[in-house]
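These are my notebook entries on one model, kept in the order in which I looked things up. I went through ring contacts, strand pairing and charged side chains.

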Amino acid sequence: MERKFKQSACITPKFIIYVFTFALTYILFFFLGGTFAQEGSTLNVPIEVLEALRLKGTGINRTQEPLTVGVPLPEDLGIKSINQLGLSGVRAAQFRPLAYHKNGNIKWVLIDTQVDMPANGKNSSIALVDGRGNFGGQNLAAEDQDYIYVNTGPAQFTIRKRGFNLFNKVTLEGQQIINKGDSLGILITGMDGKVYKASNDEHANVTIEENGPVKTVIKAQGANYSSDGKRMTDFTVRMYFYKEKGKVRVSYTLRNASKDQIETANIKSLDLVSKISLGHNLKVRAATHNSFIEDVLLPDNSVIFYQAH
């Protein structure tokens with residue numbers, strides 16, 4: 001038996017793990033204030049964070065909510081390395097240069113941190129200051145020849161570099177919720193019924209794109225192949241992991257612009273599949289556009305989220 005919900009949404013079986021969300025579950029505004037100091041002076045740029053709400057929407061209290069902001073830096077500020085930067089008013093932060101001035105100084109820096117904020121309120125206690133770069137713990141990701149390992153604290157993830165199947169293994173709060181190798185990953189079914197898998201691509205490129213104490217981004221690029229070697233479009237997947245969070249944000253892009261497949265791609269369905277193993281009679285909460293649905297998942301049930309156009 002299948003339970004179907006018409007919404008790209010979050011699966012929340014028993015624990016807090018958001019799998020396959022196609023948009024952020026929160027939106028935060030930020031404003032820069034103050035002035036930039038000249039080279040050699042003290043850096044102090046206030047950052048004010050507000051909750052962005054829909055019309056007539058109500059806010060929620062946020063505790064250590066992930067926040068990503070980009071900040072421009074003047075050419076004469078003399079910032080050549082992220083190791084010159086710090087962030088006050090937070091427990092952890094990481095920095096990433098996005099662009100450079102002609103003289104080699106950083107022009108734009110991307111900041112990742114986590115903030116507390118009351119419902120319908122704001123946080124005005126944060127500022128970009130002089131510092132020593134990333135702080136607040138160890139980098140979340142590590143890798144070897146075959147796998148990438150991500151440890152956010154409450155959750156540990158193993159991702160295959162070869163035979164990419166999204167989440168190869170997941171442990172949350174000491175309980176293994178995705179068994180090694182059980183998940184099929186990305187599946188495309190053609191109009192003729194033939195199935196194409198991302199895991200069949202032996203040359204997929206799976207790398208750590210960003211890595212720090214606050215956030216890690218894993219990027220996977222490749223193509224979908226059938227068992228007999230036929231190609232069906234390309235894909236780009238980014239997986240976002242956050243410090244002390246059991247949730248994951250997955251961004252999936254289907255690409256059909258390769259010189260290796262100059263033909264019309266006739267697709268019947270596209271699925272992102274992870275098999276969650278948590279036992280029986282699970283309570284499931286599925287988000288909708290303005291609320292959520294709760295139900296009990298029996299042993300012979302499955303939950304399918306689909307987005308209709």
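**Charges over rings.** I began with Arg249, whose charged end sits over the ring of Tyr240 at 3.9 Å from the ring centre. I then looked up Arg285, which lies over the face of Phe292, 4.1 Å from the centre of that ring. I note here that the model is a predicted one, and I read each entry below with that in mind.

Arg285 came up again when I turned to its charged partners, since Arg285 also forms a salt bridge with Glu294, in which the closest N and O atoms are 2.8 Å apart. I looked up the exposure of both side chains: Arg285 has a relative accessibility of 38% and therefore counts as partly exposed, and Glu294, with a relative accessible area of 43%, is partly exposed as well.

**Aromatic pairs.** I find four aromatic pairs in the structure. For Phe164 and Phe235 the ring centres are 6.1 Å apart and the planes stand at 15°, so I enter this pair as stacked, the limit for that class being under 30 degrees. Phe164 belongs to the loop between strand S11 (155–160) and strand S12 (169–172), while Phe235 belongs to strand S18 (residues 231–242), so the pair ties together parts of the chain that are 71 residues apart in sequence. Are these two rings buried or exposed? Phe164 is buried, with a relative accessible area of 0%, and Phe235 likewise counts as buried at 0% relative accessibility. Separately, I recorded one aromatic cluster that is formed by Phe157, Phe167 and Phe241.

**The sheet around S11 and S12.** Having met these two strands through the loop that holds Phe164, I looked up the sheet to which they belong. In what order do its strands run? Five strands form an open sheet, ordered S9-S10-S11-S12-S13, and their pairing is antiparallel. The edges are strand S9 (141–143) and strand S13 (175–178), each of which pairs on one side only. On average, and with direction ignored, neighbouring strands in this sheet are turned by 20° against each other. Looking at one pairing in detail, I find that S11 and S12 are joined in the antiparallel sense over four bridges, and that Thr158 stands opposite Lys169 in S12.

**Salt bridges.** Side chains of opposite charge can pair when their charged atoms come close. I count 14 salt bridges in the structure. One of them joins the side chains of Arg238 and Glu209, at 2.8 Å from N to O. This pair links distant parts of the chain, for Arg238 lies in strand S18 and Glu209 in strand S16 (residues 205–211), 29 residues apart. Arg238 is partly exposed, with a relative accessible area of 25%, and Glu209 is partly exposed at 27%.

I next looked up Arg231 and Asp234, whose side chains meet in a salt bridge at 2.4 Å, N to O. What is the exposure of these two residues? Arg231 is buried, and Asp234 is buried too, whereas Arg238 and Glu209 are each partly exposed.

My last entry concerns a network of salt bridges, in which Glu51, Arg62, Glu65 and Lys247 are linked.

Technical notes
Residues are numbered from 1 along each chain as its sequence is written. This is a predicted model: local features need pLDDT of at least 70, side-chain atom pairs count only at pLDDT 80 or more; totals for chains, interfaces and linings use all residues. Side-chain values use heavy atoms; hydrogens and water are left out. Rings of Phe, Tyr and Trp (its six-membered ring) pair if their centres lie within 6.5 Å; planes under 30 degrees apart count as stacked, over 60 as edge-to-face and the rest as tilted. Buried means under 20% relative accessible area, exposed over 50%, partly exposed in between (1.4 Å probe, protein chains only). A charge sits over a ring if NZ of Lys or CZ of Arg is within 6 Å of the ring centre and within 35 degrees of the ring normal. Two strands pair if DSSP finds at least two bridges between them. Axes are lines fitted to C-alpha atoms, for helices over the stretch in contact, and angles run from 0 to 180 degrees between N-to-C directions. A salt bridge is a side-chain nitrogen of Lys or Arg within 4 Å of a carboxyl oxygen of Asp or Glu.
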